[in-house]
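The points below are meant for a colleague who is opening this structure for the first time. Please read them with the sequence and the model side by side.

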Amino acid sequence: MSILEANIIDGIAKSEDDKKIILLITDHLSWENEYEHLSLLQDKINAYLGYIESKQYAELYEDVNYEEFIIEIHFKYHTTINCLKFIDIISNQLFLYNIGIKIINV
């Protein structure tokens with residue numbers, strides 16, 4: 001599973017306090033072709049938003065009606081300035097829907 005497979009959730013878990021669903025995106029791509037990379041990232045995030053909106057997570061976690069979500073993106077390569085700008089714009093839009101984005105550079 002990776003950023004190349006837009007319609008597959010790379011990983012899913014509940015937060016330690018059991019109040020949020022955390023969705024993992026694993027991004028192993030270099031930033032050599034930044035435009036294509038950002039397009040793939042956008043497609044993956046959009047697929048995750050569809051997953052959240054349709055409440056598909058309830059198949060795994062039916063015990064609670066979750067209203068907060070974190071999309072945690074693990075980047076193999078350090079993010080570019082344009083990627084950070086992209087994430088910032090999306091984060092501001094998703095904040096209104098109780099969806100946060102967390103970036104981890106591994």
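1. A residue counts as buried under 20% relative accessible area, as exposed over 50%, and as partly exposed in between. Lys 14, at 29% relative accessibility, is therefore partly exposed. Please keep in mind throughout that this is a predicted model.

2. Salt bridges. How many salt bridges does a search of the whole structure find? The search returns 2. In general terms, side chains of opposite charge can pair when their charged atoms come close.

3. One salt bridge joins Lys 44 to Asp 10, with 2.8 Å between the closest N and O atoms. Lys 44 belongs to helix 1 and Asp 10 to the segment before strand 1, so this pair ties together parts that are 34 residues apart in sequence. Are the two partners buried or exposed? Lys 44 is buried, its relative accessible area being 0%. Asp 10 also counts as buried, at 9% relative accessibility.

4. Another salt bridge is formed by Asp 18 and Lys 14, whose closest N and O atoms are 4.0 Å apart. Asp 18 has a relative accessible area of 39% and is therefore partly exposed. Its partner Lys 14 is likewise partly exposed, at 29%.

5. Ser 2 should be looked at together with point 3. It is placed in the segment before strand 1 and counts as buried because its relative accessibility is 10%. Setting aside residues up to four places away in sequence, Ser 2 touches Asp 10, Thr 26, His 28 and Lys 44. Asp 10 and Lys 44 in that list are the two residues of the salt bridge with the 2.8 Å separation.

6. Surface charge. Which residues form a negative surface patch? They are Glu 16, Asp 17, Glu 67 and Glu 68. Glu 16 sits in the loop between strand 1 (11-14) and strand 2 (20-27). With 85% relative accessibility, Glu 16 counts as exposed.

7. Nonpolar surface. Phe 95, Leu 96 and Tyr 97 make a nonpolar surface patch of about 440 Å². Phe 95 is part of helix 2, which covers residues 81-95. The relative accessibility of Phe 95 is 63%, so it counts as exposed.

8. Tyr 97, a member of that nonpolar patch, can also be placed relative to Glu 53. Glu 53 and Tyr 97 are 44 residues apart in sequence, and their C-alpha atoms are 10.0 Å apart in space. Glu 53 is located in helix 1 and is exposed, with a relative accessible area of 70%.

9. Tyr 51 is another residue of helix 1. At 11% relative accessibility, Tyr 51 counts as buried. Apart from its neighbours within four places in sequence, Tyr 51 is in contact with Ile 9, Ile 12, Leu 23, Gln 56, Tyr 57 and Leu 60. The C-alpha atoms of Tyr 51 and Val 64 are separated by 16 Å, the two residues being 13 apart along the chain.

10. Leu 29 is in the loop between strand 2 and helix 1 (34-53). What does Leu 29 touch, not counting residues up to four places away in sequence? Its contacts are Ile 3, Leu 4, His 37, Leu 40 and Tyr 77. As for Ile 71, it is 42 residues from Leu 29 in sequence and 18 Å from it in space, C-alpha to C-alpha.

11. Backbone angles. Lys 55 is not a glycine, yet its phi is positive, at about 55 degrees. This residue lies in the loop between helix 1 and strand 3 (68-75) and is partly exposed at 46% relative accessibility.

12. Asn 98 is a residue other than glycine with a positive phi, near 60 degrees. Asn 98 is found in the loop between helix 2 and strand 4 (99-105). Its relative accessible area is 42%, so Asn 98 is partly exposed.

Technical notes:
Residues numbered from 1 in each chain as written. Predicted model: local features only at pLDDT ≥ 70, side-chain atom pairs only at ≥ 80, totals over all residues. Heavy atoms only, no water. Patch = residues over 30% accessible without salt bridge, like charges linked within 9 Å, V, L, I, M, F, W, Y side chains within 5 Å. Areas by Shrake-Rupley, 256 points an atom, 1.4 Å probe, with all protein chains shown as cover. Salt bridge = Lys/Arg side-chain N within 4 Å of Asp/Glu carboxyl O. Lys, Arg positive; Asp, Glu negative; His and termini not counted. Charge placed at Lys NZ, Arg CZ, Asp CG, Glu CD. Helix = DSSP H or I, 4+ residues; strand = E, 2+ residues; numbered from the N terminus. Buried < 20%, exposed > 50% of the residue type's maximum accessible area, 1.4 Å probe, protein only. Contact = heavy atoms within 4.5 Å.
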